[in-house]
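Q: Please take a close look at one part of this model, starting from a single loop and working outward to what surrounds it. I would like one connected description, in plain terms.

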Amino acid sequence: RHEGSVAGTVNGEPISIADFNKAYERKLEFLKGMMGGKISDEQIKMFRVREGVFQELAQQKLMAQAALSSGREPSDEAIRQEIEKMSYFKKDGHFDPAKYRATLQANTYSPSSLAQLIHAPLAVHAWTESFGNEVRVSDAEVKDGFLLAKNIRSFKIVSIPASAPAAI
């Protein structure tokens with residue numbers, strides 16, 4: 001398994017072993033945190049962690065492909081703004097170009113490789129956000145959804161005094 005190895009492909013687009021291993025390690029760290037710092041090989045097999053990680057990466061690729069093919073190409077300006085929001089590159093709460101360059105260099109990234117990492121997620125975000133803009137929901141549907149989500153029901157209480165005459 002050399003550096004250029006591929007874990008799999010999605011519509012001809014590769015998922016590299018390096019990307020798979022990074023995602024796998026992140027998932028293991030997450031699971032260890034959930035399970036008190038330890039996870040056995042048996043649990044990893046039982047939870048099918050490897051398969052789950054690959055499925056997540058494949059789903060991300062599919063969503064990025066769909067977003068980009070639908071024309072949701074992020075602009076250079078949108079990518080720049082996203083980079084400037086990242087806390088890694090801030091000093092005293094503001095984007096610092098020197099910290100940006102130093103952080104990229106320390107992590108062996110170039111500005112273009114970082115932009116490429118941000119490109120697909122921005123496209124997916126724009127794509128999924130567009131669904132919300134295209135769907136029309138009435139006020140009544142919003143209220144019903146809210147009530148169902150909160151499991152709240154509306155009801156009226158009618159109090160009939162015992163002294164009231166009985167209906168025939």
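A: Thr108 sits in the loop between H5 and H6. The model is a predicted one. Most residues other than glycine have a negative phi. Thr108, which is not a glycine, has a positive phi near 50 degrees.

The second largest pocket can be taken next. Helix H5, residues 97-106, and H6 each give at least two residues to its lining. The lining consists of Met86, Tyr88, Phe89, Thr103, Leu104, Asn107, Tyr109, Leu114 and Leu117. Seven of the lining residues are classed as nonpolar and two as polar, and none is charged. The volume of this second largest pocket is about 170 Å³.

Leu117 also leads to the largest pocket. The space in the largest pocket comes to about 850 Å³. Its lining has 23 residues, and those closest to the centre of the pocket are Asp19, Leu57, Gln60, Lys61 and Leu117. Four elements each give two or more residues to this lining: strand S2 (13-16), helix H1 (17-34), helix H3 (49-69) and helix H6 (111-134). Which of the elements gives the most to the lining of the largest pocket? H3 does, with nine residues. By class, the lining of the largest pocket has 12 nonpolar, four polar and seven charged residues. Charged residues are thus present in the lining of the largest pocket, while the lining of the second largest pocket has no charged residues.

How are the helices of the largest pocket placed? Two packed helices are described by the angle between their axes and the distance between the axes. For H3 and H6, the angle is about 70 degrees and the axes are 8 Å apart. Angles from 65 to 115 degrees count as roughly perpendicular, so H3 is roughly perpendicular to H6. The crossing of H3 past H6 is left-handed.

H3 also packs against H1, at an angle of about 120 degrees and with the axes 10 Å apart. H1 and H3 are therefore oblique to each other. H1 passes H3 in a right-handed crossing.

Ahead of H3 there is another loop to look at. Arg48 lies in the loop between H3 and helix H2, residues 41-46. Arg48 is not a glycine, yet its phi is positive, at about 50 degrees.

The remaining element of the largest pocket is S2, which gives two or more residues to the lining. S2 pairs with strand S1, residues 6-10, in the antiparallel sense, and the two strands share four bridges. In one of the pairings, Thr9 has Pro14 of S2 as its bridge partner. The hairpin of S1 and S2 has two residues between the strands, and Asn11 in this hairpin takes a positive phi near 50 degrees.

To return to the start, Thr108 lies in the loop between H5 and H6. H5 and H6 both supply residues to the lining of the second largest pocket, and H6 also supplies residues to the lining of the largest pocket.

Note on methods: Residues are numbered from 1 along each chain as its sequence is written. This is a predicted model: local features need pLDDT of at least 70, side-chain atom pairs count only at pLDDT 80 or more; totals for chains, interfaces and linings use all residues. Side-chain values use heavy atoms; hydrogens and water are left out. On a 1 Å grid over the protein atoms alone, a cavity is a set of points where a 1.4 Å probe fits but cannot get out, and a pocket is an open set with protein on both sides within 12 Å along at least five of seven lines; lining residues have an atom within 4 Å of a point. Grid points are joined across faces, edges and corners, and a volume is the space filled by probe spheres set on the points. Ala, Val, Leu, Ile, Met, Phe, Trp, Tyr, Cys and Pro count as nonpolar, Asp, Glu, Lys and Arg as charged, and the others, Gly among them, as polar. Two strands pair if DSSP finds at least two bridges between them. Axes are lines fitted to C-alpha atoms, for helices over the stretch in contact, and angles run from 0 to 180 degrees between N-to-C directions. Angles under 35 degrees count as roughly parallel, over 145 as roughly antiparallel, 65 to 115 as roughly perpendicular and the rest as oblique. A crossing is left-handed if the near helix is turned anticlockwise from the far one by less than a right angle, and right-handed if clockwise.
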